[in-house]
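Here is a set of questions from someone meeting this structure for the first time. Each answer sets a value against the rule that gives it meaning.

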Amino acid sequence: MTGLLGLAYWAETAIKLGVALVVIPTAALMLGYLFLLKMMAFMQSRLGPTDVGPYGSLQLIADAVKFLQKEDIHPAAADRRVFRAAPVVVLASSFLLFVVLPTGPDAVVENLDTGIFYAMAVSSLSVLGVLMAGWASANKYALLGGLRAAGQLIAYELPLILAVMGVVIQADSLNLQEIVRAQAEGEIFGFGLIGNPFILTQFIGFLIFMISAQAELTQTPFDMPVAETELVGGFHVEYTGFRFLLFFMAEVATAFAFSALATVMFLGGWWIPGFDFDAPILNVLGPVVMLAKILVVAFIIFWIRFTYPRLREDQLQKFAWKVLIPLSLANIVVTGIFKVVL
Amino acid sequence: MSPPPTASSLRSQQAYVAAQAADARVNVELDTGDMTLNIGPQHPATHGTLRIACQLDGEQVISAEPLMGYMHRGYEKLCEVRTFPQCTTLINRIDWLGSFANEVPFILAAEQLMGVEAPPRAQWIRTILFELSRIANVSLFLGDMGVQVGALTPVFFAFRDRERVLNQIEAVTGGRFHPNFDRIGGLKDDLPRGWIDETHAVMAKMRGFCDEMEDLLMGNEIFQARCRSVGVIPGEVALDFGLSGANLRASGVDWDLRRDANPGLAWDQVDWRVWTHPDGDSFARYWVRLQETREATKIVDQLLDGIPAGPIMAKVPRIIKVPAGEAYVSTENPLGEMGYYVVSKGGLEPFRVKIRTPSFSNISVVPWVMRGTYVPDIITILGSLYFILGDIDR
């Protein structure tokens, strides 16, 4: 944890906060535009937005302005305080996730020693917000959606954490920066030029992580809490205007954050082959490399979302307990054996 | 060849029933209050304004009752104050996705009363347009079923390719949705020049669309998991509830009015077959409709090559007065058996028109089939039964 540019603590914190406040909405906008609007449209033989800005790139900003103008409606029977807090909790969970994501040797908001543990803990907070929204809306569809989200939590959180365990064992650290270092300084059968991105050894872990992340993000095929055609939006059915915007932003921003986590843990993070791990130039180049990798991972997440139908809740539970969890446990055992033997 | 009942489908069906029974036992032990959930009248899965009043225990359905009438437009009564040719305008709007097919049985009933028969060329073109409306109608179902189980993309492909069929219908009739083209004694106009070749090309495209749906949706494991052994309707039950069309054929009943009771159209002139599926579940209904869309493209292809020459209009008086009498004509419409019972007192207007719409009967099986299923299955079953709201409330 070196001080950035040798500034005082408060100045450093202010800069980091400013960066975070700019980066997160930008990230959400970028993913939302690139994948949710444009790529989805092209995959479905549509054009998507074309009018606002070049190639419709400002469409989401126009949408945000529209949301801000909408009336803020509370259902008469709603638990007003919880109803209002819910979107904030959901968004806060994805904001907190961004705190530990490293994008360069020094370009990280907070280099926690328990980084990955923190990320897993914070990301599950969003379910609390979803449950709050579902309960407080006083709407049966919302309630069903909220309860589905809570039931889903048990199904995917365990494989998610177990998938991460393999990486942690291999990297010897919970610190995300150290995980990147382990990949940068690792070698494949004595060939160390591109380091050792953990996707090569932890491919099962990567697969399980991506599937569980899909469920964590409530993307199809695991979007039962939202389920437009069944629950007409599920937990956020009663939300309008700005509060709905918060849910939307949180959804896309969390997708970004999870792509970033996958990048850091499995794809070698921000490190560029051929550079020193601590080279200062990587503070500038790292974020760019990171972004490119994140977009690739996010592309896969959204690609699956646009292609697959939705599972039923009991089918997800069955899939998680009969396939994902045994597989991830086996992955940990194998990783452990290799770690001890080699 | 229709597939034999799959061992896995039978097994999973039994497992599903056993799981439901086990759930029911648990629910007796931990008694939780029931919840009434109104699905609709405003709900995306009801394609309009159908309301399904469900009693839920958790996510399990105790009872489901379809409540209709939110879009009742009184067409039967309105027909009584219109002349026979004017009625087709209303009748177009019953099943709005396959409009031309609605006109045919009514016109045939009127012709039967008048003792007029359309010339062969008109009958062939009628059959072609009938099958085109079937393709336009069912291809949308093939995509829309994806939306019902959560896949958004197929429906856009369906809209894209269906547009070609609508273009062909528009080229002949001048209307995409409501052609109003069928006349007592024949058709309004002949086919435009070059239409036959274009339609051949469109049929090839639609076969491609069917292949695409088979790859994208029907072969998908999640789709199969969601649809197989969900909403099983055995053949006897289907007959008891008066199901017709693909819903009946998916329950293994070999019944098709085009073959069994052809009212003079050109179906008996071409080589085609009736598809049935023994399983009776949501997947079987999808499968049968997919095969039927393919079959319809083949029917159209064959009919296009053999249109006889001749007039398209029989000799009918300018002002049509239908002699007193009654007639019932039904045809195999995209959704099932659509019949018109027409009573005339010899005037300009029909005395009474009773419309037997397929969706109305098809939806009556909902309370029977939905007991014990889960909330997501409601949507799958509703989607696979495939109703058009205008066809329920006419």
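Q: What does the secondary structure of chain B come to, in helices and strands?
A: The model is a predicted one. In it, chain B has 16 helices and eight strands.

Q: Why does the radius of gyration of chain B agree with a compact globule?
A: The rule is 2.2 Å times the number of residues to the power 0.38. For 394 residues this puts a compact globule near 21 Å, and chain B has 22 Å, so the two agree. Along the principal axes, the C-alpha atoms of chain B fill a box of roughly 75 × 45 × 30 Å.

Q: What share of the residues of chain B count as buried?
A: Buried residues make up 52% of the 394 in chain B. A residue earns that label because 20 or more other C-beta atoms lie within 10 Å of its own.

Q: What makes β1, β2 and β3 of chain B an open sheet with antiparallel pairing, and which are the edge strands?
A: The three strands of this open sheet come in the order β1-β2-β3, and their pairing is antiparallel. The edge strands are β1 (35–39) and β3 (60–67) of chain B, each pairing on one side only. From one strand to the next, the twist averages 20°.

Q: How do you know that β2 and β3 of chain B pair?
A: Two strands pair if there are at least two bridges between them. Strand β2 (residues 51–57) of chain B and β3(B) have seven bridges, in the antiparallel sense, so they count as a pair. As one example, C54(B) has A64(B) in β3(B) as its bridge partner.

Q: Which helix lies across β1, β2 and β3 of chain B?
A: Helix α15 (residues 375–385) of chain B does, running at about 150° to β2(B).

Q: With which residues is I378(B) in contact, leaving aside its neighbours within four places in sequence?
A: A contact needs C-beta atoms within 7 Å. On that count, I378(B) is in contact with I39(B), I52(B), C54(B), V61(B), A64(B), M370(B) and T373(B).

Q: Which residues touch the most other members of the largest nonpolar core?
A: They are F256(A), A110(B) and I378(B), in a core of 214 residues. Helix α9 (residues 241–266) of chain A gives the largest share of this core, 17 residues.

Q: How many residues does each chain bring to the contact between chain A and chain B?
A: Chain A brings 23 residues and chain B brings 26. On the side of chain A, α8(A) gives the most, with three residues. By class, that side has nine nonpolar, six polar and eight charged residues.

Note on methods:
Residues numbered from 1 in each chain as written. Chains lettered and ligands numbered in written order. Predicted model: local features only at pLDDT ≥ 70, side-chain atom pairs only at ≥ 80, totals over all residues. Helix = DSSP H or I, 4+ residues; strand = E, 2+ residues; numbered from the N terminus. Axes fitted to C-alpha atoms, helices over the stretch in contact; angles between N-to-C directions. Contact = placed C-beta atoms within 7 Å. Core = buried A, V, L, I, M, F, W, Y, C linked by C-beta atoms within 7 Å. Buried ≥ 20, exposed ≤ 12 C-beta atoms within 10 Å, placed from the backbone. Nonpolar A, V, L, I, M, F, W, Y, C, P; charged D, E, K, R; others polar.
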